[in-house]
Amino acid sequence: MNTLPQLRASLVAAAERQGQSAARAPRARRRTLRLALVAALVLLALAAVAVAATGVLGTGAPVRPTQPLKPSVGLGVPARGGSRILRASAADPAGGPRWGLRLVHTTRDLLCIQLGRLYHGQLGVLGLDGAFGNDRRFHPLPPDTIGRQPGAVNCQPEGGAVSLEVSGIPESGLMPEEGGLGVISRDRWVSYGLLGPDAVSVTYTDRGRSHTLKVEPGTGAYVIVLRGIETGPNRHGITSGGSGGAERPGGPPLPNPDGAITSITYRLDGHICEDSVKVAAARPCPRPSAAVRAPSLTPSRDLRRPLRVRLRRSALPGGYSATLSFTAPYAVPNALSGYSIASPSPCHGGGTIIDPINRDIVARARVTVPLEAVFANACGDSVLLEVLYSAAHSEPVPGPGSVLVGRVRVAIPR
Amino acid sequence: MWLMSSRDLSRCSDEELLEIGLGDAEALGVLYDRYEDPMLAFFRRATGRADLAADLTAEVFAAALGSIGRFRPDLGSVRSWLFGIARHELAQMWRRRRVETEARRRMGMEPLMLGDEELRRIDELACGGEASLRLLAELPGEQREAVRGRVIDERDYAELAAELRCSEMVVRQRVSRGLRALRARMGDTR
């Protein structure tokens, strides 16, 4: 007996539809495809010989953003004149174009660091491992693709420092599309980051040997590319650290204990010191004297704003969708602050669903947010919705660092 | 052409079920039967919520159906493949703070309707493991990591060996010793 018989039935029905559509493919088309495949293989072989012999790549169509970016929403759009290729670069273990980095300043005051392959001073990806039909061409990666390369892009408030360790990056440099599980023959483990002007070098291990790499003066940028270690079916699992778990509040990032980097050397007040994954480093850097805290916000008496919820019948689970509206007490001029809607669930083990309202907002403006499946998180006859505000870059979650703007309990209509 | 009754299908290996799954949809149903509860328990432990566990499980099977042709037996078992997709979905959920529905939408699968009974059963699937998790925390670090990776996170020995920077044999020994210690401690607590 199944726990979820509806899911089983739905899966089998979907498999039947898949099987039928595959069977409908006409034979003539298959023959055409076979001929096209043979032709493509010949062309690929010729292209591979050309690349190996001369190092010259053809240039193909640029990578397109998955969704157009908007100046006042999410990451924002690249600011005019705010993008540049950094000098830091690394060779690929299999040769070909080097790996490099680009800095992108956005209209929402974020500084993004973007990873890719370098060719003729441009950042891009290669037509390999399923990308661009394996055309083995170089495809430029415009700055407005910062929203589509999770793992190969990291955005922080300007002035922040970051150190990332990412596994599962395809040799092509093009990250798999969401939910896509393409055939990737050779993954890379990439460490990259922006450590700030005090950074001197990073030390990492590769196959048991230790190497030290000087970072780019001024920015502290570095990139290290190693062969991937995830060769199994979990190769798409992207693990990264540095911006989150390994970041030190109020100070530069610490090396991630699970990564390739073993220590980061800084010059602080004229003295060399290092942050190391070893507990007892020879010259440890001083810890920041005071952790940077999110600005303390005490809700004033008139801060609490009434929330309005309008329900609509919906075919989605939960039966109803809704629009929630409130008057914003604080302005959100960029990505460094924001509102979110929290829906705490006291049953099923607790937990809270957070929906960030990831856009600029004018103070005292009326904000309206659509909510899908508003009762999906309900435990009984009602669901609790809260609007939170935080003056920090991270999504506002209940607790210190955020303030409650309003709270409403919505009953399921009978 | 494959013509098999469901009784025959039950004797097929996971790989065989996957291979014939697009010609005989019931084969995928049998594969689902084998992994439904482990998958629900995995997600319930990871998220602490039965409704999210059901949603994520549905998304994993839909994603698997959409990429059957890309499964490569030389890279690992069907189990590893499915739990690899599961971990990917889990990471996506943590990053985006919501469960993806893209794979289900692509496959034309209906939204799940969950009742109290289904949620209670999913909760029960994971509840038996809570006492074990407390005991797991008391194991020595290396054994704890190995048991957690293999038993709770459902990962391959090869993958764990690479992550823990030791051989597969060493990981197997750590898992074996850790499980033996857990069994002994569970005996003590009874």
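Student: Is Asp269(A) buried or exposed?
Tutor: Asp269(A) counts as exposed, because only 12 or fewer C-beta neighbours are allowed for that label and Asp269(A) has 7 inside 10 Å. Keep in mind that this is a predicted model.

Student: Where is Asp269(A) in chain A?
Tutor: Asp269(A) sits in a loop. Strand S12 (261–268) comes before that loop and strand S13 (271–276) comes after.

Student: What is phi of Asp269(A)?
Tutor: Near 50°. That is a positive value, and Asp269(A) is not a glycine.

Student: OK, and Phe132(A)? What is phi there?
Tutor: Phi of Phe132(A) is near 50°, again in a residue other than glycine. Phe132(A) belongs to the loop between strand S4 (122–126) and strand S5 (138–140) of chain A.

Student: How many other C-beta atoms are within 10 Å of Phe132(A)?
Tutor: There are 19, so Phe132(A) is partly exposed. A residue needs 20 or more to be buried.

Student: Arg137(A) next. Buried or exposed?
Tutor: Buried, because Arg137(A) has 21 C-beta neighbours inside 10 Å. Arg137(A) is in the loop between S4 and S5 of chain A.

Student: Which residues is Arg137(A) in contact with?
Tutor: Leave aside neighbours within four places in sequence. Then Arg137(A) is in contact with Leu57(A), Gly58(A), Thr59(A), Gly60(A), Gly127(A) and Phe132(A).

Student: How many residues apart along the chain are Arg137(A) and Leu126(A)?
Tutor: They are 11 residues apart, and their C-alpha atoms are separated by 5.7 Å.

Student: Switching to sheets. What is the order of the open sheet of three strands in chain A?
Tutor: The order is S7-S8-S11, with antiparallel pairing. Strand S7 (162–170) and strand S11 (221–227) are the edge strands, each pairing on one side only. On average, neighbouring strands here are turned by 15° against each other, direction ignored.

Student: How many bridges join S7(A) to strand S8?
Tutor: Seven, and S8 covers residues 187–194 of chain A. Within this pairing, Val162(A) stands opposite Leu194(A) in S8(A).

Student: Which order do the four strands of the other open sheet take?
Tutor: S17-S16-S19-S20, all in chain A and with antiparallel pairing. Its edge strands are strand S17 (352–357) and strand S20 (402–411). The twist averages 20° from one strand to the next.

Student: How many bridges join strand S19 to S20(A)?
Tutor: Nine bridges join them. S19 spans residues 382–390, and the two strands run antiparallel. In S20(A), Leu404(A) is the residue opposite Leu388(A).

Student: New topic: cores. How many residues are in the largest nonpolar core?
Tutor: It has 55 residues. Those touching the most other members are Leu101(A), Cys112(A), Val190(A), Tyr222(A), Val223(A) and Ile224(A). Strand S3 (residues 110–119) of chain A gives the most to this core, with six residues. Another core, of 50 residues, lies apart from it; among its members are Ala41(B), Phe43(B), Ala58(B) and Leu119(B).

Student: Why expect cores at all?
Tutor: In soluble globular proteins, nonpolar side chains tend to be buried together.

Student: What does Tyr222(A) touch?
Tutor: Don't count residues up to four places away in sequence. Tyr222(A) then touches Ala88(A), Tyr192(A), Gly193(A), Val202(A), Leu213(A), Val215(A) and Glu216(A).

Student: Over to chain B. How many helices and strands?
Tutor: Chain B has 11 helices and zero strands. Buried residues make up 40% of its 190 residues.

Student: How many residues of H4(B) are buried?
Tutor: 16 of its 17, so H4(B) is mostly covered. Helix H4 runs over residues 50–66, and its end C-alpha atoms are 24 Å apart, which agrees with the expected span.

Student: And in H9(B), which residues are buried?
Tutor: Gln143(B), Ala146(B), Val147(B), Gly149(B) and Arg150(B). Down the axis of H9(B), the buried residues fall within an arc of 165°, so they line one face of the helix. Helix H9 (residues 141–152) has 12 residues and reaches 15 Å, close to the 16 Å expected.

Student: Last one: where is Ser13(B) found?
Tutor: In the loop between helix H1 (6–9) and helix H2 (14–20) of chain B. Ser13(B) is exposed, with 11 other C-beta atoms within 10 Å. Ser13(B) and Val78(B) are 65 residues apart in sequence, yet 9.4 Å apart in space, C-alpha to C-alpha.

Definitions and conventions:
Residues numbered from 1 in each chain as written. Chains lettered and ligands numbered in written order. Predicted model: local features only at pLDDT ≥ 70, side-chain atom pairs only at ≥ 80, totals over all residues. Expected span 1.5 Å × (residues − 1). Arc of directions from axis to C-beta. Core = buried A, V, L, I, M, F, W, Y, C linked by C-beta atoms within 7 Å. Contact = placed C-beta atoms within 7 Å. Pairing = 2+ DSSP bridges. Axes fitted to C-alpha atoms, helices over the stretch in contact; angles between N-to-C directions.
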